[in-house]
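Grab your favourite viewer and work through these short exercises. Try each task yourself before reading its solution.

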Amino acid sequence: MDKLIITGGKQLSGELRISGAKNSALPILAGALLSETPIIVGNIPHLHDITTTMELLGRMGVQLVIDEKMNIEIDTSTINNFEAPYELVRTMRASILVLGPLLARFGSAHVSLPGGCAIGTRPVDIHLDGLTKMGAEIKVEGGYILAQAKRLKGTHLVMEKITVTGTENLLMAATLAEGKTVIENAAKEPEVSDLANFLNKMGAKISGIGTDILEIEGVDQLGAKDLHYDILPDRIETGTYLVAAAMTGGNIRVKNTRPNTLDAVLEKLKEAGAEIFTGDDWIKLDMKGKKPQAVSVRTAPYPAFPTDMQAQFTAMNTIAEGVAVITETVFENRFMHVQEMQRMGADIQLESHNAICKGVDKLAGAPVMATDLRASASLVLAGLVAEGDTMVDRIYHIDRGYDHIEEKLAQLGAKIRRVPN
Ligand code: EPU
């Protein structure tokens with residue numbers, strides 16, 4: 001397993017290009033299963049989760065061609081099975097996103113249950129409940145979801161909890177259902193809107209995009225000739241580099257991003273003392289060499305502060321001026337980074353859903369590892385401000401969701417290298 005070694009102490013500066021959003025690319029590639037015509041999806045990030053998704057679709061018989069600019073051409077005309085096997089689903093929970101499209105278009109899906117997950121139990125009951133209400137017959141047998149439906153029927157769904165992939169699965173299923181579906185208490189994450197816009201480009205009739213009530217008028221088939229859809233820039237990748245710069249007292253400009261998807265994060269960075277300037281597709285952050293002020297955050301569904309930025313802000317607070325409380329409300333077990341940061345000298349106390357962080361003068365480099373994507377990234381950030389070397393192990397988590405992280409950080413002046421094992 002590769003490792004990253006970071007030698008702390010460099011102030012980040014310079015310019016960086018943000019990649020396409022992982023959490024848009026995954027549902028959109030699954031959504032391509034709904035298309036009768038070949039389509040092209042562009043601005044695909046270079047990530048391990050994308051490789052897994054391509055393998056998943058490839059095993060179903062879908063033809064995929066990727067070019068050097070990371071455009072993927074997807075042709076579903078040769079699809080010959082509707083299964084998402086355990087060995088792929090267990091490495092990437094987002095594989096559950098093929099359930100809705102397979103069922104809606106082919107009337108059958110055989111998808112492994114995702115099972116346990118490092119950041120909490122993360123059940124899929126809301127996905128299954130919604131599909132059942134649309135007329136699907138669903139059984140769970142031998143760890144697999146076996147779903148059948150002649151044609152799904154539009155219905156009125158009120159989501160019991162806000163769920164991102166749950167909303168996406170039901171949205172995709174509803175596009176080909178008979179009649180109208182309403183999804184109330186839908187997730188409003190920009191990635192959900194990106195998927196909805198993509199589906200509309202294929203001929204779906206979705207309204208209420210960006211709100212918590214989605215209305216979908218079912219159509220008989222989807223597909224559009226010569227469709228090329230570029231996915232949204234990654235707001236979490238953007239936020240991660242901005243926090244990295246803020247922690248080091250740095251000054252960076254990120255381009256090919258969407259500042260209006262990061263309001264809550266930018267507000268908190270300003271509270272930490274950063275000067276922020278934005279244009280249509282760029283953000284500039286300047287800390288003027290200062291240490292950040294500690295900032296308290298409370299995670300919640302969009303447009304509130306994202307759980308996917310929680311670990312990075314925890315990292316920033318470890319070396320900030322003052323005391324702050326980080327409250328995680330979305331997942332019950334998303335503080336795995338805390339123990340590792342404590343090993344680097346951080347002063348953090350965990351009290352149920354809260355992490356109370358008291359800034360220290362300096363962290364000390366140490367060998368660390370984490371068991372999920374954002375936690376691992378936050379340890380890289382901690383390494384940027386630690387004295388000496390930090391060795392981050394199990395970085396396959398990082399490679400699942402950050403496009404060439406060591407190259408991008410090195411481009412900003414960080415001392416970081418990957419060592420193969
Ligand atoms: N939940 C249920 N039942 C369900 C579905 C969800 O109880 O049927 C609960 C979950 O256990 C959790 C809450 O609802 O407590 C919200 O989970 P959600 O379903 O929204 O999460 P997700 O769709 O599995 C996506 C992202 C995550 C991100 C969350 C929250 C993708 C592929 N993944 O997960 O991204 O943290 O939304 O915003 O879109 C990451 O990128 O590192 C990542 C984990």
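## Pockets, a cavity and the fold

The second largest pocket has 18 lining residues, and those nearest its centre are Gly9, Met247, Thr248, Lys362 and Val385. Keep in mind that this is a predicted model.

**Exercise 1.** Work out the volume of the second largest pocket and how its lining residues divide by class.

*Solution.*
- Start with the space: the second largest pocket comes to about 280 Å³.
- Next, sort its lining by class: you get six nonpolar, six polar and six charged residues.
- Then look at the middle of the second largest pocket, where Lys362 is one of the residues nearest the centre.

**Exercise 2.** Find how many cavities of 30 Å³ or more the structure holds, and describe the lining of the largest cavity.

*Solution.*
- The idea behind the search is simple: roll a probe the size of a water molecule over the atoms, and you see where empty space is left.
- Count what turns up: there is one cavity of 30 Å³ or more.
- Get its volume: the largest cavity holds about 50 Å³ of space.
- List the lining: Leu26, Ala30, Thr53, Leu56, Met92, Ala94, Ser95, Leu97 and Val98.
- Map that onto the fold: helix 1 (22-31) and helix 2 (48-59) are the elements that each give two or more residues to this lining.
- Finish with chemistry: the lining of the largest cavity has seven nonpolar residues, two polar ones and no charged ones.

**Exercise 3.** Is Thr163 buried or exposed?

*Solution.*
- Locate Thr163 first: it sits in the loop that runs between strand 10 (156-158) and helix 6 (164-175).
- Apply the cut-off: Thr163 counts as buried because its relative accessible area is 15%, and buried means under 20%.
- Check the neighbours: leaving out residues up to four places away in sequence, Thr163 touches Ile126, His127 and Ala187.

**Exercise 4.** Compare the radius of gyration of the protein chain with the value for a compact globule.

*Solution.*
- Set the expectation: for 421 residues, a compact globule would come out near 22 Å.
- Compare: the protein chain has 21 Å, so the two agree.
- Add the extents: the C-alpha trace spans about 65 × 45 × 40 Å along its principal axes.
- Look at burial: 56% of the 421 residues are buried.
- Turn to contacts: of those with a separation of 6 or more, 74% join residues 24 or more positions apart.
- Tally the elements: the protein chain has 14 helices and 26 strands.
- Close with the surface: about 16500 Å² is exposed, and carbon and sulfur atoms supply 48% of that.

Notes
Residues are numbered from 1 along each chain as its sequence is written. This is a predicted model: local features need pLDDT of at least 70, side-chain atom pairs count only at pLDDT 80 or more; totals for chains, interfaces and linings use all residues. Side-chain values use heavy atoms; hydrogens and water are left out. On a 1 Å grid over the protein atoms alone, a cavity is a set of points where a 1.4 Å probe fits but cannot get out, and a pocket is an open set with protein on both sides within 12 Å along at least five of seven lines; lining residues have an atom within 4 Å of a point. Grid points are joined across faces, edges and corners, and a volume is the space filled by probe spheres set on the points. Helices (H or I, at least four residues) and strands (E, at least two) are DSSP runs, numbered from the N terminus. Ala, Val, Leu, Ile, Met, Phe, Trp, Tyr, Cys and Pro count as nonpolar, Asp, Glu, Lys and Arg as charged, and the others, Gly among them, as polar. The radius of gyration is taken over C-alpha atoms; the globule rule is 2.2 Å times the number of residues to the power 0.38. Buried means under 20% relative accessible area, exposed over 50%, partly exposed in between (1.4 Å probe, protein chains only). Contact means heavy atoms within 4.5 Å. Accessible areas come from the Shrake-Rupley method with a 1.4 Å probe; for residues, only the protein chains shown count as cover.
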